Amino acid sequence: MKKTFVYLSICLFVYLSITSTAYAAITNPILKGDLGSGNPDDVFGRYIGTFWGLAYTAGALIFLLYFIWGGVEWIMGGGNKERVENAKSKISNGLLGLTLLAASFALVKAIGYVLGIDILENLTIAVQKLSPLGGRSSQ
């Protein structure tokens with residue numbers, strides 16, 4: 001048993017010594033571009049754009065669920081005025097949320113149009129690189 005272990009250890013060591021290391025690029029098909037890599041000045045902006053897209057999608061899904069919940073509650077109300085009013089309230093609040101979501105998207109697109117950049121795609125935040133002592137030499 002000990003000879004087999006030593007033999008396998010030596011074989012593994014030789015194999016790992018001879019073979020070269022392969023580096024694979026791991027990508028996520030959901031995320032656009034090269035999120036998390038590239039120029040450090042625009043990585044933060046890409047995170048903001050990605051977060052905005054996720055928040056927008058989550059808001060749309062929440063609207064859909066709230067709207068369906070209100071519709072089901074209205075159907076299940078069976079003519080009870082209190083339950084129907086509660087369902088109408090849910091539906092109107094869902095539509096208000098959807099309106100706010102659409103207005104925020106339009107506002108972000110309008111600001112991007114005025115500034116001449118696509119805020120949600122390639123927002124670049126300029127970061128000044130400071131040297132010690134404000135760029136002066138220490139002599």
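**Close-up views of a three-helix chain**

**View A. Tyr56, a partly exposed residue of helix 2****.** With a relative accessibility of 27%, Tyr56 is classed as partly exposed, a term for values between buried (under 20% relative accessible area) and exposed (over 50%), with a 1.4 Å probe and protein chains only. The model is predicted: local features need pLDDT of at least 70, side-chain atom pairs count only at pLDDT 80 or more, and totals for chains, interfaces and linings use all residues. Residues are numbered from 1 along each chain as its sequence is written, and side-chain values use heavy atoms, with hydrogens and water left out.

**View B. The chain as a whole is built on an α-α-α order of elements****.** Three helices and zero strands are present; helices (H or I, at least four residues) and strands (E, at least two) are DSSP runs numbered from the N terminus. The chain has 139 residues, of which 14% are buried. Mean pLDDT over the chain is 74, and 58% of the residues score at least 70; pLDDT is the predictor's confidence in each residue, from 0 to 100. Among the elements, the lowest mean pLDDT, 71, belongs to helix 1 (residues 2-18), and the highest, 89, to helix 3.

**View C. Tyr56 and Phe105 form a tilted aromatic pair****.** The structure holds three aromatic pairs. In the pair of Tyr56 and Phe105, the ring centres are 5.1 Å apart and the planes meet at 40 degrees. Rings of Phe, Tyr and Trp (its six-membered ring) pair if their centres lie within 6.5 Å, and planes under 30 degrees apart count as stacked, over 60 as edge-to-face and the rest as tilted. This pair links distant parts of the chain, with Tyr56 in helix 2 (residues 40-77) and Phe105 in helix 3 (residues 81-115), 49 residues apart. Phe105 has a relative accessible area of 31% and is therefore partly exposed.

**View D. Tyr66 and Trp69 form an edge-to-face pair in helix 2****.** The planes of the two rings, Tyr66 and Trp69, stand at 85 degrees with centres 5.7 Å apart, so the pair is edge-to-face. Tyr66 and Trp69 are separated by about one helical turn because they are three residues apart in helix 2. Both side chains can be inspected for their accessibility: Tyr66, at a relative accessible area of 29%, is partly exposed, and Trp69, at 47%, is also partly exposed.

**View E. Lys90 lies over the face of Trp69****.** The distance from Lys90 to the ring centre of Trp69 is 4.4 Å. A charge is taken to sit over a ring if NZ of Lys or CZ of Arg is within 6 Å of the ring centre and within 35 degrees of the ring normal. Lys90 also takes part in a salt bridge with Glu73, at 3.6 Å from N to O. That bridge links distant parts of the chain, since Lys90 lies in helix 3 and Glu73 in helix 2, 17 residues apart. Lys90 and Glu73 are both buried.

**View F. Glu85 and Lys88 form a salt bridge within helix 3****.** The structure holds two salt bridges, each defined by a side-chain nitrogen of Lys or Arg within 4 Å of a carboxyl oxygen of Asp or Glu. Side chains of opposite charge can pair when their charged atoms come close. Between Glu85 and Lys88, the closest N and O atoms are 4.0 Å apart. Glu85 and Lys88 are three residues apart, about one turn of helix 3. Glu85 is partly exposed at 46% relative accessibility, as is Lys88 at 36%.

**View G. Six nonpolar residues, including Met76, make a surface patch****.** The patch covers about 610 Å² and is made by Leu61, Leu64, Ile68, Val72, Ile75 and Met76. Patches are made of residues with over 30% relative accessible area and no salt bridge; like charges are joined within 9 Å, and nonpolar side chains (Val, Leu, Ile, Met, Phe, Trp, Tyr) within 5 Å. Accessible areas come from the Shrake-Rupley method with a 1.4 Å probe, and for residues only the protein chains shown count as cover. Met76 lies in helix 2 and, at 55% relative accessibility, counts as exposed.

**View H. Asn93 and Arg83 are two residues of helix 3****.** Asn93 is partly exposed, at a relative accessible area of 40%. Its C-alpha atom is 8.9 Å from that of Phe63, although Asn93 and Phe63 are 30 residues apart along the chain. Arg83 is likewise partly exposed, at 38% relative accessibility. Arg83 and Gly70, 13 residues apart in sequence, are 9.8 Å apart in space from C-alpha to C-alpha.
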